[in-house]
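Please examine the model shown below together with its sequence. The paragraphs that follow lead through its helix packing and then through selected residues.

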Amino acid sequence: MDKDVLTVAEGHETLAFRFADLLRYHGIGFPGGVAHAFKAMQAAFPLLDEAPLQRREITVLTAFSGLGGRDAVEMVTRALTDGRMTVDRSLGGRDVLSEPPGPYLWRFTYRGRTAEVTIRPGHVREEFVRLGATPDRTPDQEARLTELKQEMATRLLALAATEIYEARLV
């Protein structure tokens, strides 16, 4: 699979999404979350079928509650609009550092098959987790967190999905 493209089908038409497409839909707030969802889908979809998946037949259960991830999954699958996406924070653990995989757990179901995708160690930096959990951040902390979100997206996009996420049928 091309590490820069995510392909699904809608009827007889094939739809190809690049990260930039998903980011345009989401906006600028959470590029790291968009990148995580993009890579999680890339890791899972080939396990579910060799052909592009019918986007409106994909069901998503995830511990990832971030807006970037939500928007990326919605654009590709329309699962949020169609009521096929559930966020359950209790699935993954409190955070990726103390209770892996933390929110970085995704289950994609398609035509009776489910692929579970969990983050591999080392892809979420401790500074990002700690700063993200800091209440009442200062303007300097907000600026640093914005930098870390973009750094994460850039770093993840350079890698194949299976280098970031472990995917298996469950």
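**Helix packing and selected residues**

H26 is buried, with a relative accessible area of 15% (buried means under 20% relative accessible area, exposed over 50%, and partly exposed in between, for a 1.4 Å probe and protein chains only). The model is a predicted one, in which local features need pLDDT of at least 70 and side-chain atom pairs count only at pLDDT 80 or more, while totals for chains, interfaces and linings use all residues. Residues are numbered from 1 along each chain as its sequence is written, and side-chain values use heavy atoms, with hydrogens and water left out.

H26 belongs to helix α1, residues 19-26; helices (H or I, at least four residues) and strands (E, at least two) are DSSP runs numbered from the N terminus. Its side chain forms a polar contact of 2.8 Å with the side chain of D71. A polar contact is a pair of N or O atoms within 3.5 Å; within protein, one must be able to donate a hydrogen and the other to accept it, and residues adjacent in sequence count only if both atoms are side-chain atoms. When neighbours within four places in sequence are set aside, H26 is in contact with V34, L67, G68 and D71, where contact means heavy atoms within 4.5 Å.

The helix pairs come next. Two packed helices are described by the angle between their axes and the distance between the axes. Here the axes are lines fitted to C-alpha atoms, for helices over the stretch in contact, and angles run from 0 to 180 degrees between N-to-C directions. The axes of α1 and α2 come within 10 Å and cross at roughly 135°. That makes α1 oblique to α2, since angles under 35 degrees count as roughly parallel, over 145 as roughly antiparallel, 65 to 115 as roughly perpendicular and the rest as oblique. This crossing of α1 and α2 is right-handed; a crossing is left-handed if the near helix is turned anticlockwise from the far one by less than a right angle, and right-handed if clockwise. On the α1 side the contact is made by F19, L22, L23 and H26, and on the α2 side by P31, V34, A35 and F38. By class, the contact of α1 with α2 has seven nonpolar, one polar and no charged residues. In this classification Ala, Val, Leu, Ile, Met, Phe, Trp, Tyr, Cys and Pro count as nonpolar, Asp, Glu, Lys and Arg as charged, and the others, Gly among them, as polar.

Helix α2 also packs against α3 (residues 67-77), with axes that come within 6 Å and cross at roughly 45°. That makes α2 oblique to α3, and the crossing of the two is right-handed. G33, V34, A37, M41 and F45 of α2 meet G68, G69, A72, V73, V76 and T77 of α3. The residues of this contact divide into seven nonpolar, four polar and no charged.

A further partner of α2 (residues 31-48) is α5 (residues 139-157): the two pack at an angle of about 25°, with their axes 7 Å apart. That makes α2 roughly parallel to α5. The crossing of α2 and α5 is left-handed. P31, G32, A35, H36, F38 and K39 of α2 make the contact with K149, Q150, M152, A153, L156 and L157 of α5. The contact of α2 with α5 has seven nonpolar, three polar and two charged residues.

Within helix α5, L156 is buried, with a relative accessible area of 0%. Apart from neighbours within four places in sequence, L156 is in contact with G32, A35, H36, K39, H123 and I164.

R168 lies in strand β8, residues 165-169, and at 43% relative accessibility counts as partly exposed. R168 and A44 are 124 residues apart in sequence, yet their C-alpha atoms are 7.7 Å apart in space. Beyond its neighbours within four places in sequence, R168 is in contact with L47, T114, A115 and E116.

The backbone also merits attention. Most residues other than glycine have a negative phi, and most peptide bonds are trans. R111, in the loop between β6 and β7 (113-119), has a positive phi of about 50° although it is not a glycine; at 53% relative accessibility, R111 counts as exposed. D136, in the loop between α4 (126-132) and α5, likewise has a positive phi, near 50°, and is exposed, with a relative accessible area of 76%. A cis peptide bond joins P100 and P101, with omega about 5°, and P101 lies in the loop between β5 (85-87) and β6 (105-110).
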